[in-house]
Amino acid sequence: MRPLWTSCLILGSAFHAGAVDFVRDVRPIFEKHCYECHGAKKQKNDYRLDIKSIALTGGEGHAPNIVAGKSTESPLFRFVNGADKDLQMPPKTRLSSAEIEVLQRWIDEGAVWPDGVDVAKVEDRTDWWAFKPIKVSSLRFQVSSSGTPAGRHETHPIDVFIREKLVEKNLKPSAPADARTLIRRLSFDLTGLPPSLEEVAAFVSDTSVNAYEKLVDRLLASPRYGERWARHWLDVVHYGETHGYDKDKARMNAWPYRDYVIRALNADKLYARFLEEQIAGDALYPGTTDGTTALGFIAAGPWDLIGHAEVPETKLDGKIARHLDRDDMVQNAIGTLCSLTVQCAQCHYHKFDPISQEDYYSLQAVFAAVDRTDISYYPDDAMMGRFAALEKQRVGLTTSITALEEPLIKKAGAAYAALTKRIEGAAEKTAKSNPNAKPDFGYHSAISPVQDAEKWVQVDLGRSITIEKVLLKPCYDDYGSIGGGFGFPVRFKVECSDDPKFKTGVTLLWRKHDATFMNDFANPGLRAFETGGTKDEGTQGRYLRVTAVKLAPRKGDYIFALAELQVLDEAGKNLAEGRPVTALDSIEAAPRWRKANLTDGIAPEARSQEDKEQLIVQRDELLKSTADAGTRDRLVTLKAQLKDVQAGLAKLPPPGKVYAGAIHTGQGAFRGTGNEGGKPRVIQVLKRGDVKQPAQEVSPRGIEKLGEVFHLPFDLQTDHESARRAALARWVTDKGNALTWRSLVNRVWQHHFGRGLVETANDFGRMGSQPTHPELLDWLALTFRDDLGGSLKKLHKLIVMSETYRQSSAASPEAVKMDGANAWLSHQIRRKLDAESVRDSILSVSGKLDLAMGGPSFQDFIIDKPQHSPHYEYHLHDPEDPKSHRRSIYRFIVRSQPQPFMTVLDCADPSMRVDKRNESLSPLQALTMMNNGLTVVMARHFAERVAKEATGTEAQVRRAFGLAVSREPMAGELGPLTEYARAEGLENACRVILNLNEFSFVD
């Protein structure tokens, strides 16, 4: 018989050898070794072992670390037992063999974890004000269709909310602002320009009950309104006209998107459509100008030229570049429209908001087929509709032809493949071979730093003759990848005359040089340009001149070049061969470039192109021979229809181009998805955001948790690429998506009051601010969405009609003490003018502001050293250049080298999504306002203006002061300024007035 104590030991061992208890046996191991990195304070790799739901499943976006019943298949067990040496856990010390055995047995027994024994509770990340549906306020107000309270004598709804909070905080509203302050405030807020003295006088003297409302309506109806508020929108979407990154090349076709925003705001396009067009206008509103140009939104941000155009998508750097590109598109869409920092989820589950990694990459999948490229558009919907219809037919016919030819290609087999290889070889030869028969390339003008410089070259034919036809043969430069069409002018005219100076008797043979032509002349490659005269038009002369008025772009500078100029008579004889050539200028770098080359009979010829065309005919015949009669007839019919469609497209005037998000065929390393018919790229979750660690594939959808909270369907109706963006557009603009409507009203409020109801306008998440007036925010969102139908102009009117907006900016001592940031709005916030308003005001008061709207941006810089990366030299620009006297919204926006004057005045950085600009006061600003070239030049024009409008120094100073700050100078101001003007000159006095603090502040 065994001793009693031995039996007890055996029973105890048997007891412990039974089922592992989580609380008694497992949790102490987790507490000792794991919670430091995977507990409440820290969650490495988004993993926690103090919460059952996360510990057993791995958490959202992660594979399970514990596979119940299978310890050998559980990553957690492999980490702790040392099987995975690269990921041993804990990293510094190992578990004991007994602890490892306990964990193994616990998992094999089913990983039983009783409910209610979590160390920590699962956090509900949707428990946050922004992730709740819009709350209907207990205070309901009627708002008229015009955007004003229904009852004229009722307290304005905004004032009810604001004053309720002021009472709670023991504060009182300030007095109403005077009429002069109101018109100046409204003018800058709604148009970005100062009111004229006459406008101020008229408003001050208008004693009618609705005088203020009439002013509001007039300013909202002004075309200047769209220009002003477009700038705010472009800040948030980080619009720029260069790519950014290392080379920072110019985007010459970005401006149509800017013009779209201005046009849409002036037309008061309803907000939902405004957003839908920018995400998926091509899908939701096909065949419309706005539906195409609005897609510039997708491509508004920086773009890595090297990472896309010089590195293929198969390389690591190419993968990273494209990942970052889609990340920018996702940020722009969700960050701008919904005020969420969704980008924080690309490496892990968002630390604070209900956004998983899978959510983030599913949003990337929405843009999986999209690249940045120039796409065609027409400036009116009628022409755009015709173009879109023909393009749709072309794509459909091409698809049908391809479907018919695929089985024929398989049947043709090796013979077809051999011909295709020869065709590709001919194409490569055409692209890479040097078609210059001799090194006498042609005529080359001097290099110009600006594109609109005029250059001309002419031939002396020896006598006055009748000209039947003129041929201009383009150059081919064999340096690098420049190729055919080098230097061929973008806009030009061809003239003849008997006067070598072309001052008298000039006959215009052909032109493409003025505003009557909508678009520029496309690069012709090596195709000769041909124009003919007629005897009836009297095209006779001794001299033939070609004048380029818009030069061809090179690399940051501009030139004019031609290989050969031929003047043909009725018999086809070239009358210009060997004749003398003169030009405005020429680089004369023999033998390649010189004037004499223009008439030497030598021009580049792409002979391999003829070989390619003959081979294509042979290949087509081969396919026909493998087809039955029905298929042959069908192919002939389809190809004839395609030819007609292509002819129809050719008859349309050349389209404009907008830099936008679209399917891109690409060239070289940057091939795009157009080479695969626009098939979206496969998007996978990237472990830790690393392109080298792709995990599960994802499909396009919205943010799952928010879809549940707001009941938002992601309605993907077809497999086409654009359907993904259309589904996202509908998801964003759904009436239930509270984030969209709150975000917009908060942004508008911020620009009217200097701070938003939510101070972090780009972040409504848990790391952002909470609203100071949550009920007001929701009332505004609901009213804007439902009562105002998404009309931005009505929202502006609703806000500026309130007494809260109209109150004085003078703060009481109590308000300064109790609410220094003026969060409760006991007074209006005194605001400094932004950089654009300062610049536009300087131009306006000097009488030099050009109010021409739209079109390509003016450049207030000279491009220097463009061979590798452009250098944008602002100090070389002449501020007297009238092209640069337009409003600042039309300024060419450079990312790498911002305009110094604007930057000092806190202009937005175009490389970043700027929700709210800095508002600083510094000595550098004072020095800039005093000494910048624009200020100095405009002070002179300001003085010239007031000298014409007033007589006598005192009257001129009075006039200048009034124009600058919208009021008459007081006696203590007028005397010293007049004395200074008499001593130092009116120009210097005007310069001092432009430097008054009052000139640079809203009120």
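**Exercise 1.** In this predicted model, find which side chain of opposite charge is nearest to the buried Asp304, and decide what polar partners the Asp304 side chain has instead of a salt bridge.

*Solution.* Begin with charge: Asp304 is buried yet forms no salt bridge, since the nearest side chain of opposite charge, that of Arg322, is 7.9 Å away, whereas a salt bridge would need the nitrogen and the carboxyl oxygen within 4 Å. Next, place the residue, which sits in the loop between α14 (289-293) and α15 (305-310). Then look to the backbone: a polar atom of the Asp304 side chain lies 3.2 Å from the backbone nitrogen of Ile306, and the side chain also reaches the backbone nitrogen of Gly307 at 3.0 Å. Finally, leaving out residues up to four places away in sequence, Asp304 touches Tyr245 and Ala321.

**Exercise 2.** Work out which residues of helix α31 (residues 923-931) are buried, and explain why they lie on the same side.

*Solution.* First, list the buried residues, which are Gln925, Thr928 and Met929. They lie on the same side of α31 because they cover an arc of only 95 degrees around the axis. As a general point, an α-helix has 3.6 residues a turn, so residues three or four places apart point the same way. On the other side of α31, Pro923, Leu924 and Leu927 are exposed. As a last step, identify the packing partners: the buried residues of α31 pack against α29 (835-845), α30 (900-904), α32 (933-949) and α35 (986-994).

Notes. Residues are numbered from 1 along each chain as its sequence is written. This is a predicted model: local features need pLDDT of at least 70, side-chain atom pairs count only at pLDDT 80 or more; totals for chains, interfaces and linings use all residues. Side-chain values use heavy atoms; hydrogens and water are left out. Buried means under 20% relative accessible area, exposed over 50%, partly exposed in between (1.4 Å probe, protein chains only). Helices (H or I, at least four residues) and strands (E, at least two) are DSSP runs, numbered from the N terminus. The arc is that of the directions from the helix axis to the C-beta atoms. Contact means heavy atoms within 4.5 Å. Lys and Arg count as positive and Asp and Glu as negative; His and the chain ends are not counted. A polar contact is a pair of N or O atoms within 3.5 Å; within protein, one must be able to donate a hydrogen and the other to accept it, and residues adjacent in sequence count only if both atoms are side-chain atoms.
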